[in-house]
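Reader: I'm new to this one and would like a close look at a single part. Could you walk me through the second largest pocket, and then what sits around it?

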Amino acid sequence: MLYLLLYLTTVFHFSTCSSMELCQGDNQCIICTATGPTVIDVHGQVNSVQDRCGYTLMKTTSIPDFQVHATFQERRRKDVSFLDRVILQLDKPAVQINLEQGGRVQLGDLMMTLNDTAQLVHGVELSKDQTGVTAKMSHLNTTMTVFFNGYTVQIHIKGPSGQVPSVHGLCGNSSQPLNEVRLSEYSASGCETQYEDTANSTINCNNMTERCNLLKEAFFTACHTHIDPQPYATACANILCKYPAVDGLNCQFLEAYARACSLYSKDTMEGWRSKATGGPQAYCQDWFCSAHEFCGENSISGGTRCHCRAIFASTYRSQNTLGDGVVCNKSSLSVTLVGCLLQDKGIHYSDLHLYDNTCRGQMDNVTHMVTLGFDTKTNPCGMMIRMNNKSQIINKNGVILETTKEQLADFTCPFIMPDINIDFSYVITGVWNYTLTMKAYTDPGRTQTVTSNTELQLNQKVWYELKTGGLDDKEVALVTHSCFATDDPSGNSSLRYDLIINGCANPADKTVNVQSNGEGTYNYFSFNMFQFSGKQGNVYLHCKLNLCVKQNKTCAPVRPQRPSHRHKYTQDAPNPASTKPEHQFSDLCFH
């Protein structure tokens, strides 16, 4: 259910600064911190932004023609927003500097390269180190410093003693209506809509609150006289009682308080890290994700990676898909998968290919979307011509995961191909004193044998029998381990279509049926006839078989029970023309 909600409780913190590098002598200092969904304003009160809009954080007459804005976005949960981007807006000249995720800084359309040596850009000093990006702006006797590390922004103003700056925006006036500080130019349509999400039952709120209360312990005592730890502890508990302590969040509020304290005290307070097991000060530094992603922990292989934002991913997850539908454009076909959804399942895009394993997925460097496509005329990539259950001829291909041979996506498009012919043969081979035969039939009773003169139709079901002679079926069973089709006699062809995998029918092809496998000295299977597109019509079948000594145990293959990630994309196809498929078999590979 969608509902609208946005609440704000505001505050202020200002102090006469003690002696230190940034705030010396009789200067007046104020600080505003925004971290996660929380804004701790210059009065020390806690504001919580519950939507995904853009807001003015700070505007002050002490630094004219300069404003600090921020945008918020969801991450792992639809109902929790996080600080996402900080915008420095200069009115004269009209310049916008974006401080983005991963330490990226953009001046208009120009991506800047920064280091720890400050660069002066339109009167703003910009620098970057391993902790984050710093921007400094001065006017007369007042200096504003903005620090952003990707998840926390701290705005610090130093000015003459007794002259408390007038501050507007979320950092200042707590009674100001939110629509007065919401910025339409930085707010997408519907950004104020609120979402519900399932509560996380693994979170222990008492433990999280205890962790947040570390801010009140001896590690931070030197700072307590300068900055009240309660707003930071409250903000910390509010978020960690609802959102999992991942992606550096377990130390985020402690880190923000420690840095705020460093503006008022020379005490480094390094001892808190050992007890809090805090992470690095700049999480996901130099790691860039697309607009629908955020950087977070990689629970599968360690380190960090780009995750899908919850609202963006919710449509795909609710439909159990990994991407968008197939695009059929005359002779070209393509399907686009979502890179971060693939990574959720531990899949690397380079392990994806079409039926022809030389046709690999390509990832867009900006959006991280993965595209697999082919052209039926110039490079069909193993496309097959099949007939669907409406007797329509279709072009069919699939996205295969190289490591497991699992078909993740099956997609079809309408197409009509010319007539084709059939040639069929079977092979006998042996190791002990027995014979092995393979025959094809056009009927389920296996009475009508397929010969070189038999005319078959596309999508016609054909039954194949594998049978041994000279073996005792009470002692030995014949097991068909795998069967696959290629476009040439070599079993190592890059173009491969699996029919039987680990003794069981390929679950991606509903026409395949395996019977009596591993039960006696013969077994048989069936599937609907097809042809590889762009080839000369020959389809070669390769099968691997085993002899299994029963010894009071079953030899029948069992399909492993595990979740399926196959996703089907279909479009209607035109009525077919009459076709005559050709199918030729190579030597059996017997072990």
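Author: Here is a walk through that pocket, followed by some other parts of the chain.

A quick word on ground rules. This is a predicted model, where local features need pLDDT of at least 70 and side-chain atom pairs count only at pLDDT 80 or more, while totals for chains, interfaces and linings use all residues. Residues are numbered from 1 along each chain as its sequence is written, and side-chain values use heavy atoms, with hydrogens and water left out.

Now the pocket. The second largest pocket has a volume of about 670 Å³. (On a 1 Å grid over the protein atoms alone, a pocket is an open set of points with protein on both sides within 12 Å along at least five of seven lines; a cavity is a set of points where a 1.4 Å probe fits but cannot get out; and lining residues have an atom within 4 Å of a point. Grid points are joined across faces, edges and corners, and a volume is the space filled by probe spheres set on the points.)

Its lining is made of 31 residues, and those nearest the centre are Asp84, Ser290, Ala291, His292 and Arg309. Strand E7 (66-74), strand E8 (81-90), strand E19 (293-297) and helix H7 (310-318) are the elements that give two or more residues to that lining. (Helices, H or I with at least four residues, and strands, E with at least two, are DSSP runs numbered from the N terminus.) E7 gives the most, with 4 residues. Sorted by class, the lining of this pocket has 13 nonpolar, 10 polar and 8 charged residues. (Ala, Val, Leu, Ile, Met, Phe, Trp, Tyr, Cys and Pro count as nonpolar, Asp, Glu, Lys and Arg as charged, and the others, Gly among them, as polar.) And where is the pocket? Domain 1 (23-186) and domain 2 (325-414) both give residues to its lining, so the pocket lies between them. (The domain bounds come from an automatic or database domain assignment.)

Follow E7 and E8 and you reach a sheet. Both belong to an open sheet of 7 strands in the order E11-E10-E9-E8-E7-E6-E17, with antiparallel pairing. Strand E11 (110-112) and strand E17 (167-168) are the edges, each pairing on one side only. (Two strands pair if DSSP finds at least two bridges between them.) At the E17 end, strand E6 (residues 54-60) pairs with E17 over 2 bridges, in the antiparallel sense, and threonine 60 stands opposite valine 167 there.

There is a little oddity after E8, too. Most residues other than glycine have a negative phi, and most peptide bonds are trans. Yet lysine 92 and proline 93 are joined by a cis peptide bond, with omega about -5 degrees. Proline 93 lies in the loop between E8 and strand E9 (95-99).

What about enclosed space? The count comes to 4 cavities of 30 Å³ or more, and the largest cavity holds about 90 Å³. Its lining includes Arg75, Tyr151, Asp247, Gln252 and Cys295, and by class the lining divides into 4 nonpolar, 5 polar and 2 charged residues.

Gln252 leads us to helix H5 (residues 249-261), where it is one of the buried residues. (Buried means under 20% relative accessible area, exposed over 50%, and partly exposed in between, with a 1.4 Å probe and protein chains only.) H5 is mostly covered, with 12 of its 13 residues buried. At 1.5 Å a residue, the 13 residues of H5 should span 18 Å, and its end C-alpha atoms are 19 Å apart, which agrees. (The expected span is 1.5 Å times one less than the number of residues.) Helix H4 (residues 230-240) is mostly covered as well, with 8 of its 11 residues buried.

Last stop: strand E26 (residues 384-387), inside the bounds given for domain 2. Both faces of E26 are covered: Met384 and Arg386 on one side and Ile385 and Met387 on the other are all buried. E26 pairs with strand E27 (residues 393-401) in the antiparallel sense over 4 bridges, and arginine 386 has isoleucine 394 as its bridge partner in E27. E26 also pairs with strand E36 (residues 531-532), antiparallel over 2 bridges, and there isoleucine 385 stands opposite glutamine 531. Beyond E27, in the loop before strand E28 (406-414), comes lysine 405, which has a positive phi of about 65 degrees although it is not a glycine.

Technical notes
Nonpolar A, V, L, I, M, F, W, Y, C, P; charged D, E, K, R; others polar.
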